[in-house]
Amino acid sequence: MKRVIILFPRLDVMFKEGPVPDHRGPVAPIRLHWARFVELLYHHHDTKHDSVEVIEKPLWQFTRAFVESLDADIIYIPHKSVDTFPLVSSAEIRYYMQTVFPFMFYVDSKGFAGGSSRYPFDIEYTHKTRFYEEMIDRARRGESKFDQPAPLNIYKLPQNFVFFPCQIPHDETIRYHSDVTVLQALIAVLEATKKLNISCVIKGHPVNPRSMDDLIFASRDYNHAQWIDNISIHEVMPKSRAVACVNSGTGMEALLHKVPVITFGRCEYDCVTNKATPSTIETVLTNATFSEEKTKAFFETWYNWCIDTRKIESYSRL
């Protein structure tokens with residue numbers, strides 16, 4: 001029997017430091033998956049006869065000092081990683097984080113995605129799950145982590161274009177999992193597509209529009225670029241020549257549309273992308289490829305690594 005502590009972020013308040021009302025407010029649907037993850041995690045350890053405690057606080061109140069004061073064999077820590085939240089503790093630390101598919105969660109000793117202990121990601125050709133096909137169907141229905149506009153058919157997309165979905169420039173996946181900033185990647189793609197006489201369609205990140213100002217300003221210098229926000233990624237990606245990003249979860253979704261994906265940063269799915277730097281992007285874009293066999297194997301391997309909150313048996317991987 002082990003003593004297990006699960007740190008659970010209060011879901012009706014901001015994850016960043018902010019006000020904490022006495023009365024609970026509504027919870028955004030995308031956050032309900034966090035509650036489901038913790039509910040089944042508790043059940044998993046309880047059925048193993050572990051001593052389990054769930055501690056709920058606003059995320060920012062889980063300080064390093066607080067966590068290091070806990071007496072436990074295993075501690076689950078939300079929305080953190082070794083890079084952002086290094087600890088001195090005798091407990092086994094397991095960081096957990098929501099993935100681009102909201103019902104799936106990373107659980108790892110180092111962090112998530114390109115900052116996990118699994119990176120660089122090794123593919124196993126098992127072909128034992130239907131997760132890849134299931135996510136293709138989900139993409140065809142227009143579903144994504146963040147709500148997408150309904151198909152409006154009001155934009156005329158170019159015949160030959162690269163799609164660049166923007167990330168929040170100060171996001172942790174950029175700061176810790178990439179040597180290239182979002183602005184540097186965008187300018188590199190704009191310069192390469194200009195030289196190759198290819199159009200570029202850009203979409204801002206829906207969660208923090210204000211953080212897009214520098215990216216919008218930079219794109220105005222390029223006549224072949226088109227910035228469109230009121231359009232679904234699933235409407236744009238299938239029509240694109242390639243999708244280029246730093247290490248966005250949108251790049252992983254783009255693979256479901258069977259188009260070449262170009263990445264500048266570190267992400268678990270870069271084992272099936274065309275990796276680029278600002279100096280190589282022109283060559284990479286010219287020769288970008290997509291392998292369905294490798295992509296399917298990646299999705300199956302990735303699924304067997306992560307936790308599926310829709311299936312209690314998924315927790316047996318812990």
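Q: Two strands count as paired if DSSP finds at least two bridges between them. With that in mind for this predicted model, which residue in E8 is the bridge partner of Val201?
A: Start with the two strands: E7 covers residues 199-203 and runs parallel to E8, with three bridges joining them. Pairing takes at least two bridges, so E7 and E8 qualify as a pair with their three. Within E8, the residue that partners Val201 is Gln226.

Q: Which are the edge strands of the open sheet that contains E7 and E8?
A: This sheet has six strands, all told, in the order E8-E7-E6-E9-E10-E11, and its pairing is parallel. An edge strand pairs on one side only, and that holds for two strands here. They are E8 (225-227) and E11 (274-275).

Q: What is the strand order of the open sheet with mixed pairing?
A: Happily, this sheet can be read from its ends: strand E2 (51-57) and strand E12 (307-308) each pair on one side only. Six strands make up the sheet. Written out from E2, the order is E2-E1-E3-E4-E5-E12.

Q: Which residue in E4 stands opposite Ile74?
A: Strand E3 spans residues 74-78 and strand E4 spans residues 92-98. The two run parallel and are joined by five bridges. Facing Ile74 in E4 is Glu92.

Q: At about what angle to E1 does helix H1 run?
A: Helix H1 takes in residues 32-47 and lies across E1, E2, E3, E4, E5 and E12. Helix H10 (residues 292-305) also lies across E5 and E12, at about 65° to E5. For H1 against E1 (3-9), the angle is about 170°.

Q: Is His33 buried or exposed, or partly exposed, and what is its relative accessible area?
A: His33 sits in helix H1. Beyond its neighbours within four places in sequence, His33 touches Gln98, Pro102, Phe103, Phe105 and Thr309. Buried would need a value under 20% and exposed one over 50%, so His33 is partly exposed, its relative accessible area being 24%.

Q: How far apart in space are His33 and Met104, C-alpha to C-alpha?
A: In sequence, 71 residues separate His33 from Met104. In space, their C-alpha to C-alpha distance is 8.3 Å.

Q: What is the volume of the second largest pocket?
A: Its lining has 13 residues, and Pro102, Ser144, Lys145, Phe146 and Asp147 are the closest to the centre of the pocket. By character, the lining divides into five nonpolar, four polar and four charged residues. The volume of this second largest pocket is about 170 Å³.

Technical notes: Residues are numbered from 1 along each chain as its sequence is written. This is a predicted model: local features need pLDDT of at least 70, side-chain atom pairs count only at pLDDT 80 or more; totals for chains, interfaces and linings use all residues. Side-chain values use heavy atoms; hydrogens and water are left out. Helices (H or I, at least four residues) and strands (E, at least two) are DSSP runs, numbered from the N terminus. On a 1 Å grid over the protein atoms alone, a cavity is a set of points where a 1.4 Å probe fits but cannot get out, and a pocket is an open set with protein on both sides within 12 Å along at least five of seven lines; lining residues have an atom within 4 Å of a point. Grid points are joined across faces, edges and corners, and a volume is the space filled by probe spheres set on the points. Ala, Val, Leu, Ile, Met, Phe, Trp, Tyr, Cys and Pro count as nonpolar, Asp, Glu, Lys and Arg as charged, and the others, Gly among them, as polar. Contact means heavy atoms within 4.5 Å. Axes are lines fitted to C-alpha atoms, for helices over the stretch in contact, and angles run from 0 to 180 degrees between N-to-C directions. Buried means under 20% relative accessible area, exposed over 50%, partly exposed in between (1.4 Å probe, protein chains only).
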